[in-house]
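Reader: I would like a close look at one part of this structure, namely how its helices pack and what surrounds them. Please keep it plain and go step by step.

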Amino acid sequence: MAAALALAERTRGSTAPNPNVGCVLVRGGRVVGRGWTQPGGRPHAEAMALAQAGDNARGATAFVTLEPCAHASHRGPACAALLVAAGVARVVAALRDPDPRTDGAGFALLSEAGIAVEHGIGADEAARSMAGFLTRRRLGRPYVTLKLATSLDGRIALPDGTSRWITGSAARAHAHLERSRHETILVGRGTWQADRPVLDVRLPGLERRSPRRVVLTSRARSATGSPHLAFDAAGDESGPLVIADPAAIADLPGDHLLVEGGAATAAAFLAADLVDRLLLYRAPIVIGAGLPAIGDIGLADLAGAHGRWRCQDARALGSDRLEVYERIPCSPA
């Protein structure tokens with residue numbers, strides 16, 4: 001399952017509206033097929049693995065990060081049916097598919113064909129890997145990551161706005177890798193006007209994975225005052241999309257949104273409780289007077305700040321440090 005999860009990561013952020021899934025076929029203690037969902041959502045991971053395995057799929061065990069789909073599409077057959085036809089003996093899945101067209105029907109189809117089915121192994125890791133797909137279906141919006149690159153004292157720039165570079169080359173390269181895993185990237189109007197950031201991916205081989213650019217600005221409001229999506233400059237589709245309110249991200253394409261700045265934009269998303277994940281890059285420098293990473297989020301007391309985030313990962317990136325935090329779901333009242 002760990003191998004299947006690693007394969008699923010290869011196309012995270014490029015398979016919407018389908019989930020990024022990984023599949024490994026094992027027969028006689030040997031891997032006979034590997035697959036992962038391709039960009040655009042097809043072929044599915046199981047179809048790729050079965051094509052690679054050929055006749056070796058018969059009697060094999062399929063380790064897959066999501067329940068095989070049970071619904072046929074004009075884009076391809078149902079993966080559960082493909083596994084049955086290939087003669088797979090056992091299917092081990094991490095998660096049940098929340099898509100109502102499958103949601104247990106894939107497991108049922110496999111079981112009815114005499115295939116042994118297990119699920120739940122690696123469920124937490126799979127949910128993290130497919131967070132965009134799952135968030136879109138549960139909340140109707142993309143999974144939001146807020147990226148902050150700060151000094152030890154929480155500054156993102158000198159008082160005059162100078163910010164190149166707070167972090168070193170290793171941290172910046174990692175940030176570009178994160179960009180490649182998101183369909184869209186967002187900054188505030190102030191950052192866009194001051195820096196005119198390119199917001200692309202500048203890692204060899206991943207340049208085509210640059211996300212769609214979005215700018216948060218109140219000027220995106222229509223005559224009725226409601227937020228909407230529009231293009232930045234007189235219909236120029238090469239320019240960024242503009243939105244007037246964080247809630248408008250529900251209409252953005254894709255299942256993964258990376259928010260990169262600035263302080264007012266970060267505060268707006270945090271205040272709206274729309275941040276699912278924090279990427280905190282910290283450089284071993286102290287700036288003192290300078291621009292803060294986050295503006296006012298309307299916190300009334302410290303008690304309200306506790307119990308909101310858990311550290312999921314921490315590592316050194318050159319002389320800098322990366323900490324990854326996930327939002328702790330609120331308990332039902």
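**Two helices and their surroundings**

Author: Start with helix 6, residues 131–139, whose buried residues pack against strand 3 (61–66), strand 4 (90–95), helix 5 (123–129), strand 6 and strand 12. The model is a predicted one. The residues of helix 6 that are buried are A131, G132, F133, L134, T135 and R136. An arginine, R136, is thus listed among the buried residues of this helix. Directly after helix 6 comes G140, with a positive phi of about 70 degrees.

Helix 9 (263–271) can be read in the same way. Its buried residues are A263, T265, A266, A267 and F269. These pack against strand 6, strand 8, strand 9 (212–216), strand 12 and strand 14. Strand 6 and strand 12 therefore appear in the packing lists of both helix 6 and helix 9, where being in contact means having heavy atoms within 4.5 Å.

L270 also belongs to helix 9. Setting aside neighbours within four places in sequence, L270 touches L146, V275, I294, I297 and W309. Between the C-alpha atoms of L270 and D255 there is a separation of 19 Å, with the two residues 15 apart along the chain.

After helix 9 comes D273, with a positive phi near 55 degrees. D273 lies in the loop between helix 9 and strand 13 (277–282). The phi value is positive in a residue other than glycine. Is D273 buried or exposed? D273 is partly exposed, because its relative accessible area of 33% falls between the cut-offs of 20% and 50%.

L199 offers a second residue of this kind: its phi is near 60 degrees, again positive and again not in a glycine. L199 is in the loop between helix 8 and strand 9, and strand 9 is one of the elements that the buried residues of helix 9 pack against. L199 counts as buried, because its relative accessible area is 3% and the limit is under 20%.

The largest pocket involves several of these elements. Among the elements that each supply at least two residues of its lining are strand 6 (143–150), strand 8 (184–188), strand 12 (256–261), helix 9 and strand 14 (291–292). Strand 7 (155–157), helix 7 (169–180) and helix 8 (189–195) each do so too. The pocket holds about 1100 Å³ of space. Its lining is made up of 43 residues, and S163, T191, D195, E260 and G261 are the ones nearest its centre. By type, the lining residues are 23 nonpolar, 12 polar and eight charged.

Some features elsewhere in the chain complete the picture. A16 and P17 are joined by a cis peptide bond, with omega about 10 degrees, and P17 sits in the loop between helix 1 (2–8) and strand 1 (22–27). R42 and P43 are likewise joined by a cis peptide bond, with omega about -10 degrees. P43 falls in the loop between strand 2 (30–36) and helix 2 (45–53).

As for aromatic rings, zero aromatic pairs turn up in a search of the whole structure. Charges over rings do occur: R10 lies over the face of W36, 4.4 Å from the ring centre. The charged end of R172 is placed over the ring of W165, at 4.5 Å from its centre.

Definitions and conventions: Residues numbered from 1 in each chain as written. Predicted model: local features only at pLDDT ≥ 70, side-chain atom pairs only at ≥ 80, totals over all residues. Heavy atoms only, no water. Phe/Tyr/Trp six-rings, centres within 6.5 Å; stacked < 30°, edge-to-face > 60°. Lys NZ or Arg CZ within 6 Å of the ring centre and 35° of its normal. 1 Å grid on protein atoms, 1.4 Å probe; cavity = no way out; pocket = protein on both sides within 12 Å on 5 of 7 lines; lining within 4 Å. Points joined across faces, edges and corners; volume = space filled by probe spheres on them. Helix = DSSP H or I, 4+ residues; strand = E, 2+ residues; numbered from the N terminus. Nonpolar A, V, L, I, M, F, W, Y, C, P; charged D, E, K, R; others polar. Buried < 20%, exposed > 50% of the residue type's maximum accessible area, 1.4 Å probe, protein only.
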